[in-house]
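Trainee: I should be grateful for a close look at a single part of this structure. Please begin with the part itself and then set it in its surroundings.

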2 protein chains.
Amino acid sequence: MNYENLLRGHGLKVTPQRLGILSLMDQKGHINVDDLYLQIKEKFASISLATMYKNINAMMASSVITEVKIPKQKSRFEIAKESHGHLLCQECGEFSDIEFDIGKIVSDISTKSNYQLFETSLVLSGICPLCQHSSASPVSFLPVAHIHT
Amino acid sequence: MNYENLLRGHGLKVTPQRLGILSLMDQKGHINVDDLYLQIKEKFASISLATMYKNINAMMASSVITEVKIPKQKSRFEIAKESHGHLLCQECGEFSDIEFDIGKIVSDISTKSNYQLFETSLVLSGICPLCQHSSASPVSFLPVAHIHT
DNA sequence: CTGAGTGCAAACGTTTTGCACTTGC
DNA sequence: GCAAGTGCAAAACGTTTGCACTCAG
């Protein structure tokens, strides 16, 4: 993905801080502010928290990125793409896109409700396949997410 | 709805503050903290913000109420009921339950993803039927929500 | 009577702001 | 060169906490 063009295409200047934020979001898929700041400082020690927030807000305002609100969790940010749902594993914290067409549902609900719909937020939570098979594992009781390898 | 039994059934003591909060949520359907505090003070001048927050947290912990996270808006709270989606009108702010069975979608996605799913959050945003017909109305440009009568 | 709930003020964590400096274009 | 972006410190904001008092059961 070309972050320079993405920024310029939305009328934003290209700065190393912004490129760092975007490449992290792209790499991780979805990331919350805390992780973003911790991880960006590793590669970019001088960045300030204020700059990070200003950039998140600027990129949200120009629709370069999107905030995903999640029940009982901090929001995560992702590079904007067409409307899609998300899956959350409450065991290990894995958070992923749903490859599933929600267009049908949206049009059904639109017909039923007479709403003209143009934004969808769908988050399904449960237990991912890997955690189901390791349900007796002690990791289940740790507050810390484990990472599937 | 009997709020006393609802509270006692979840192991919480019955206080006038809690009854006030619950009856407001029930009445309005969904309400955010600011509106809740403003409106509860009208009927219950002495209540403190801290008490309101403590009660919201206590009632969420015991699943009496639920927080609904909404894209680009403050969360709203509702009395807990079985899983259901929500509709938001971006024009007038109307926020309502979707009467639509999402069980089918959830089981489809469960099959596809191999997730064992038990929590759903669905918020669809758009323009409600009434606002579509008054799209030329000046109210469209006001930041304040109008109420359909 | 006792533990849970209340109200106040202080503390806390998160996000925003103002301002001087730097940088992208 | 100039508007936009950065970094710092201070401020603002929403929420939580500690504590003495009150009340529900």
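Mentor: B:Asp34 has a relative accessibility of 37% in this predicted model. Because that value falls between the limits of 20% for buried and 50% for exposed, B:Asp34 counts as partly exposed. Its partner is B:Lys74, and the two side chains meet in a salt bridge with a distance of 2.4 Å from N to O. This pair links distant parts of the chain, 40 residues apart. B:Asp34 belongs to helix H3 of chain B, residues 33-43, whereas B:Lys74 sits in the loop between strand S1 (65-68) and strand S2 (76-79) of that chain. B:Lys74, at 48% relative accessibility, is likewise counted as partly exposed.

A second salt bridge of chain B joins the side chains of B:Lys81 and B:Asp97, at 2.5 Å from N to O. B:Lys81 lies in the loop between S2 and strand S3 (86-89) of chain B, and B:Asp97 lies in strand S4 (residues 95-97), so this pair ties together parts that are 16 residues apart in sequence. B:Lys81 is partly exposed at 45% relative accessibility, and B:Asp97 is partly exposed at 25%.

Chain A offers a pair within a single helix. The side chains of A:Asp108 and A:Lys104 form a salt bridge of 3.0 Å, N to O. Both residues lie in helix H5 of chain A, residues 103-113, and are four residues apart, about one turn of the helix. A:Asp108 is partly exposed, with a relative accessible area of 27%, while A:Lys104 reaches 54% and is exposed. Over all chains, the whole structure has eight salt bridges.

Two of the salt bridges run between chain A and chain B. In one of them, B:Glu119 pairs with A:Lys72, and their closest N and O atoms are 3.3 Å apart. Across this interface there are also 22 residue pairs in polar contact. On the side of chain A that touches chain B, the elements giving two or more residues are strand S3 (86-89), H5, strand S5 (116-127) and helix H6 (129-133) of chain A. S5 of chain A gives the largest share of that side, with 12 residues. By type, that side of chain A divides into 19 nonpolar, 11 polar and seven charged residues. The two chains bury about 3,400 Å² between them, with 61% of it on carbon and sulfur atoms. A:Lys69, A:Tyr115 and A:Glu119 supply 20% of the area that chain A buries against chain B, more than any other three residues. In terms of contact, 37 residues of chain A meet 37 residues of chain B.

Chain A also has an internal interface. The chain is divided into domain 1 (1-70) and domain 2 (82-149). Four residues of domain 1 are in contact with six residues of domain 2, and the area buried between these domains is about 410 Å², 75% of it from carbon and sulfur atoms. A:His30, A:Val68 and A:Ile70 supply 92% of the area that domain 1 buries against domain 2. Between these two domains of chain A the count of salt bridges is zero, although two residue pairs are in polar contact there. The domain 1 residues on the side touching domain 2 comprise two nonpolar, one polar and one charged.

Methods: Residues numbered from 1 in each chain as written. Chains lettered and ligands numbered in written order. Predicted model: local features only at pLDDT ≥ 70, side-chain atom pairs only at ≥ 80, totals over all residues. Heavy atoms only, no water. Domains from an automatic or database assignment. Contact = heavy atoms within 4.5 Å. Buried area = accessible area lost by both parts, 1.4 Å probe. Salt bridge = Lys/Arg side-chain N within 4 Å of Asp/Glu carboxyl O. Polar contact = N/O pair within 3.5 Å; in protein donor to acceptor, adjacent residues only side chain to side chain. Nonpolar A, V, L, I, M, F, W, Y, C, P; charged D, E, K, R; others polar. Buried < 20%, exposed > 50% of the residue type's maximum accessible area, 1.4 Å probe, protein only.
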